[in-house]
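Work through the exercises below with the sequence and the structure at hand. Each task is followed by a solution in steps.

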Amino acid sequence: MFFKKIRRTISLIRARFQGEQDSYLRHNKQYEQDFVNNTLDRHLGFAIKENYINNAHLKLGKLLKAHPKVRYLAVDVGSGCGWLSAKLSKIFRKVVAIEPSAAAIKIAKHHYPPNKYPNIEWRQGFAEKTLNSLKITKPCLFVTGAVLSHLTDGVVINILKKINELPPKGSLLAFAEGWGKEQHQYMWHIRTKAWWQAQLSNWSLNFHGPSVENTPERHMGIHGVKIN
């Protein structure tokens, strides 16, 4: 119990001083090692989970079934090695995959080459800046997979500000992100329902996700429909 409290204290201290690019730096290092060491195929573990987009955290099939007209554009924020963008490309006319790691995009293009996935537009950059370049004229989908939960509040607020303002009414979001009782650990942040709704004031949110980490006060899974 004593050492558990010590570890928790250290985690809270690290969370307080987490840098805005810490998540990028850690993940990019791993992607670079995989690319150099030619261990790319370990990322196929996600790709072969054919029904992963319908897991309890995303339930994307259910959301899209309820909104059959939203099929023009999907924006994958923090696309990583591209498995989710690849799946979305079979459902949407166009997919914009936003990822800051050049190594991750190389891996994605290795698994999902442009000649076979021509409707995916890979954009390297941080989402809070890259989203500014999008011109969205039709209802679209924004999707994340445990990306925002790794980032500091300030960065997430800037990303959500764009998502709150950019798309037209009727757009959708599916976030596999944490919500519940507020909890901040290093690169793992649980935010309250009220916090999410305050950042996404133009959206009607549905906090559907199951509990995670065997903790009733921590959940993952948010759906949204833009109403204003």
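**Exercise 1: strand E1**

Leu-73, Val-75 and Val-77 point one way from E1, Ala-74 and Asp-76 point the other way, and all are buried. The model is a predicted one.

Task: Determine why E1 counts as largely enclosed by the rest of the structure, then find its strand partners.

Solution. Step 1: E1 covers residues 73-77, and 5 of the 5 are buried, so the strand is largely enclosed by the rest of the structure. In a regular strand, side chains alternate between the two faces of the sheet.

Step 2: E1 runs parallel to E2 (residues 94-99), joined by 5 bridges. Opposite Val-77 stands Ile-98 in E2. From E1 the chain passes through helix H5 (residues 83-88) to E2, a right-handed β-α-β crossover.

Step 3: E4 (residues 141-145) is also parallel to E1, with 3 bridges between them. Here Val-75 has Phe-142 as its bridge partner.

**Exercise 2: aromatic rings**

Task: Find how many aromatic pairs the whole structure holds, and describe two of them.

Solution. Step 1: The search returns 6 aromatic pairs. One of them, Trp-179 with Phe-207, has centres 5.4 Å apart and planes at 65 degrees; the cut-off for edge-to-face is over 60, and this pair is edge-to-face. Trp-179 lies in E5 and Phe-207 in E8, 28 residues apart. Both residues, Trp-179 and Phe-207, are buried.

Step 2: Trp-195 and Trp-196 also pair edge-to-face, at 5.3 Å centre to centre and 90 degrees between the planes. Trp-195 and Trp-196 are both buried, and with Phe-175 they form one aromatic cluster.

Step 3: Check for charges. The charged end of Arg-191 sits over the ring of Trp-195, 5.1 Å from its centre.

Definitions and conventions. Residues are numbered from 1 along each chain as its sequence is written. This is a predicted model: local features need pLDDT of at least 70, side-chain atom pairs count only at pLDDT 80 or more; totals for chains, interfaces and linings use all residues. Side-chain values use heavy atoms; hydrogens and water are left out. Buried means under 20% relative accessible area, exposed over 50%, partly exposed in between (1.4 Å probe, protein chains only). Helices (H or I, at least four residues) and strands (E, at least two) are DSSP runs, numbered from the N terminus. Two strands pair if DSSP finds at least two bridges between them. A crossover is right-handed if, with the strands pointing away from the viewer, the path from the first strand over the helix to the second runs clockwise. Rings of Phe, Tyr and Trp (its six-membered ring) pair if their centres lie within 6.5 Å; planes under 30 degrees apart count as stacked, over 60 as edge-to-face and the rest as tilted. A charge sits over a ring if NZ of Lys or CZ of Arg is within 6 Å of the ring centre and within 35 degrees of the ring normal.
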